[in-house]
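Reader: Please give me a close look at one chain of this model, beginning inside the chain and then moving to its borders with its neighbours. I would like the cut-offs stated as you go along.

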Amino acid sequence: MNIISYASPSTTFLPDPASGKTLAVLAPHAGRNLMLETAARCSLNGPVHVLDGGNHFNAYLVARAVRRHTENMDAMLQRINLARAFTCYQMESLLAAAALLARQRSTPSPATLVLDLLATFYDENVQLAERQRLLRLCQRYFKVLSGYGTLLISLRPAQHDRPDQQMLLDDMLAFVDDIWQAEILTAPAIPRLF
Amino acid sequence: MGRTLPSITQEFLGEQEAFARFRRALRRKDQLALDDLFAAAQQHLAAAAYASHALPFETFLLAMLLEEHKELLRLRQVVEEMQFATSPLPTAEETLK
Amino acid sequence: MSVTAGIRCMGWVLDIFETPRQGVALWFLTEDGKRLRFTQPFPVTFYAAANPSRLQTLRRELLRQPLPPRLYETRRRDLFINAEIPVLAIEVAETSRQPLLFQYISRAFPDITFYDADIQLSLRYQASTGIFPLAYCSIAADGNGVIQSIQALDTPWELDPPPPPLRILSLEPDVPPAHSQPRELLIRHDKHTGRIPLQPERPFIINIAAILQSYDPDILLTNWGDTWLIDHLLQLSEKWKVPLSLNREPGHGVARRGERVYFSYGQVIHRGEQIHLFGRLHIDRCNAMLWGDYGLDGVLELGRVTGLPLQMCARVSPGSGISAMQMTTALRMNVLVPWHKQKAEDPRSAMDLFYGDQGGLVYQPTVGLHSHVGEIDFISLYPSVMVHFNISPETVGTRAPGAEEVPELGMTIDRSTPGLVPLTLQPLLRKRITFKEQLLELPAWDPRKRRYQMCVSAHKWLLVTCFGYLGYKNARFGRIEAHQAVTAYGREMLLAAKETAEDLGFEVLHMYVDGLWVKKPGMRTVQDFQPILDEVSHRTGMPISLDGVFRWVAFLPSRRDTRIPVPNRYFGVFQDGTIKVRGIEARRGDTPACIAGTQMELLKLMSAAASAEELPTLLPQMRTFLLRRLALIRQRALPIEEYLVTMKLSRKLSDYKTPNTPTAAALTQLEASGKSLRPGQKVRFLFTLGEPGVCAWDLPDEFDPRCLNLERYQVLFLRAAFTLLQPLQFSERSMADWLFGRERPIEMLLPTFHRIGQHQLPAFCPTESS
């Protein structure tokens, strides 16, 4: 498992869809803006399926990102399909549906971006064993999905005082083929005298 | 389930913030005029939300224009009233013609 | 009291709960004043769905249980698939064992989908018998008190159900136990009132036990019963070996439910631990949801319409009430109630998010003073939309023939078959509208009026939450698409109303989600506005009403920048003299009573003006009043409690980023004295001189009023006064000059608001220089 840093967002780090690899981005806020930029860039190449577990899909940001690359913004936004999950049960059911669809589809599968996968799994109101069981099911679907097209998952670090979150995160880190640890992207600081 | 899309007000404030550097470099009186423009756009946030544009800043610009035009109409009316008040009243003869 | 011979009687159901080996226990108030306990065998069924081999394993496991349930295969409707699916029915003969059995097998078979598994017993009982809390019914039982037949003689939708002759015993400590040690208990029942000192303990507890025994109340109504009183009584009973029959049900202890902190509508809510009784109801006013809004009458109404046990109703959020009603509907319709909702939203294009992910339309009002303004409101807009357009999880996004397009959202809705959510809401909505009509017609002295008002308040909360619940992630019958359809139709309705008003020549001053404020020259009376109501209602199909005609109303700009209007900051006076305020200091929970009181009194003075034009004539009286009030405040002549600032805690002390905010400083003082508060609870403090500038209330030491920071209170005072005077063309500076007699001519032009030129105004100078 190699950890790579990247400096500026581009799709070059995405795996070859034919490789069958599962890629994860591990970053604060699950690399929110990076993932949205990636979704925008992917839409230039073809359909994108976004599964949002962290209420992250700020469509205004995506629209602006798309607009920077093309005038044909509406068409690109139409190519991005979005479904949101607000509980880990819903995340599991979204991924099950996506995997089923990938198997049935005759055309090439869209790129799949899973935003903040673990956000719903970090919820203490569901027992840890249950969350682990659901996460294992999700991993089965990831295996299917990565066999059909690009798959990128974003993850957020566990909180310090939450060993349950760390267990789930470790589980995912062991599962994926490659991890990109995002540098924190901040606007370049402008030196000021005062 | 929380909303995913920022509210139109958040989006508006974000756009305004994006021009903070522009504003800082303006002269004070220009800053105040710029603030007026943004305040004008803010009057129409509900309509901008309903419009559901992917790039709402275009709608904000139109809202600024809209308020400018309203102001223009108002001033035109004031000017016309003033002209009417200062122009000599027609005599009875002229009216009857 | 036990029953020895067969019995047939009429009366009211007080309490239903499971009881070992006897099914359910039902406590009953007979018409002739007896309190009877009946039982009834009541098997409970829940369902499992999985692939056949897993179900086979489940069967084997269930049949190995000491008391194996009856198992059979059947088909039931899953709302989210919108079709019947094969399920395994698991029927547990002994009511009280079902929760335990379910808990066990759900852990052993986490991959199996369960339905109807965790439903409140009272809802199951209502779905199968029609009996709900406080239902008036006839009952026939054998010599052992086992119910042979039970029949409801009224429905939850009765406007004036036969009133149950409830015996209510009220117990109130003299002071809040969180503040200081109570010294006596105020006791009330029927028309008797008395005080019993808490010390010495033994006579006190003997006294209480005797009152409970002799009066035998149906409802124990307490202040701080959940968080202090009941525990205190139980401790004393134990310590002094005085038996205390808090429950009617023999051999039962009290039931405790843990304290909870949760988020609701952007607020942190704190519920203390709850103590429930059996066969008798315990309601703690101080731990009851919205008690101030609807009181005991509202709680009883909630029990009747939601079917939840009354002790639960008093304490749960209205969202749980709506959820309960939906579950009862589902049970009746043979629709499966999912244990965990798994259905996520259907994928849609990113473009659709711009149209769908929106709330109601909130306009910026035309700032300033306006005369003769009508406020028109859709009656319960969102619930009406749900019923009218048949919005429910199973009706949106269907491909049913005849399904129609939801405006803007690019999805369809099936309006042919009534959905679960509209079916649940319709009778409630109808009842609310009838109550509201009755309230308008009944004379002021009519005794029903108060109860109707309380019921309307209780219904309001249920209906408000039913919309939010459609979009709530854990709601059994929630679905985002349905939630979005409601707001989409809501926006269309409001725009249709705007267009109607403009077509009829009205000027639209403001619109806010479900209401609009309109005026038209010459339109002044309620009758003048009838045509617009009729036309809006005709065009939209929604019930709409005139909230009233304002003599005058002032829409305020933002406090920070007077050029920017804000949607929900206004005050005005209706023609009947009723004052309506939103978003100003008097409505805020953190405004000290002396300031809020000043503002409301000033507004009362202003309400004498018949129109905006007349307001300036009242300025001399307003000035006299303000100076007199300010003097009282500055002389510390008001009770010290009136100076208290109350803040709701949004987080723990350690999570406050700056420890110097008044709230954090007050919290620090409280914690230093050994008192701890949780998020959602309220902290009270006074502004004081010196550092840290506040003094927490509820500290053991006596407060010295000389420490009050009067300048700080004066700032608050002037700010509150300015809010009301601003529409009369005052600036903060000119108002202070006017008030303190600093000579400067005040232009009393009537409002002509200019867009340009009202820039940031200077802040108050808090010193009283004149």
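Author: In chain C of this predicted model, an open sheet is built from four antiparallel strands in the order β5-β6-β4-β7, where strands pair if DSSP finds at least two bridges between them. β5 (70-78) and β7 (113-115) of chain C form the edges, each pairing on one side only, and from one strand to the next the twist averages 35°. Elements are DSSP runs numbered from the N terminus, with helices being H or I over at least four residues and strands E over at least two.

Before going further, residues are numbered from 1 along each chain as its sequence is written, while chains are lettered from A and ligands numbered from 1 in the order in which they are written. Local features need pLDDT of at least 70, side-chain atom pairs count only at pLDDT 80 or more, and totals for chains, interfaces and linings use all residues, with side-chain values taken over heavy atoms, leaving out hydrogens and water.

Within the sheet, β4 (residues 44-49) of chain C is joined to β7(C) by three bridges, the two strands running antiparallel, and in this pairing C:Ala48 stands opposite C:Phe114. Helix α2 (residues 98-108) of chain C lies across β4, β6 (83-92) and β7 of chain C, at about 15° to β4(C); axes here are lines fitted to C-alpha atoms, for helices over the stretch in contact, and angles run from 0 to 180 degrees between N-to-C directions.

Turning to the border with chain A, 22 residues of chain C are in contact with 23 residues of chain A, contact meaning heavy atoms within 4.5 Å. About 2000 Å² is buried between these two chains, with 58% of that area given by carbon and sulfur atoms; buried area is the accessible area (1.4 Å probe) that two parts lose on being put together, summed over both. On the side of chain C, C:Glu345, C:Met351 and C:Phe354 lose the most area, together 25% of what that side buries.

Two salt bridges cross this interface, each defined by a side-chain nitrogen of Lys or Arg within 4 Å of a carboxyl oxygen of Asp or Glu. A:Arg84 forms one with C:Asp357, the closest N and O atoms being 3.7 Å apart. On the side of chain C that touches chain A, two or more residues come from each of β19 (348-349), α9 (350-356) and α13 (480-503) of chain C, and the largest share, four residues, belongs to α9(C).

The strand β19(C) also pairs across the border: two bridges join it, in antiparallel fashion, to β4 (residues 80-84) of chain A, and A:Asn81 stands opposite C:Ser349 there.

At the other border, 26 residues of chain C meet 23 residues of chain B, and about 2300 Å² is buried between the two chains, 56% of it on carbon and sulfur atoms. The rule finds one salt bridge across this interface, formed by B:Asp36 and C:Arg563 with their closest N and O atoms 2.7 Å apart. From chain B, α3 (28-42), α4 (45-51) and α5 (57-86) each supply at least two residues of the side that touches chain C, and α3(B) gives the most, with six residues.
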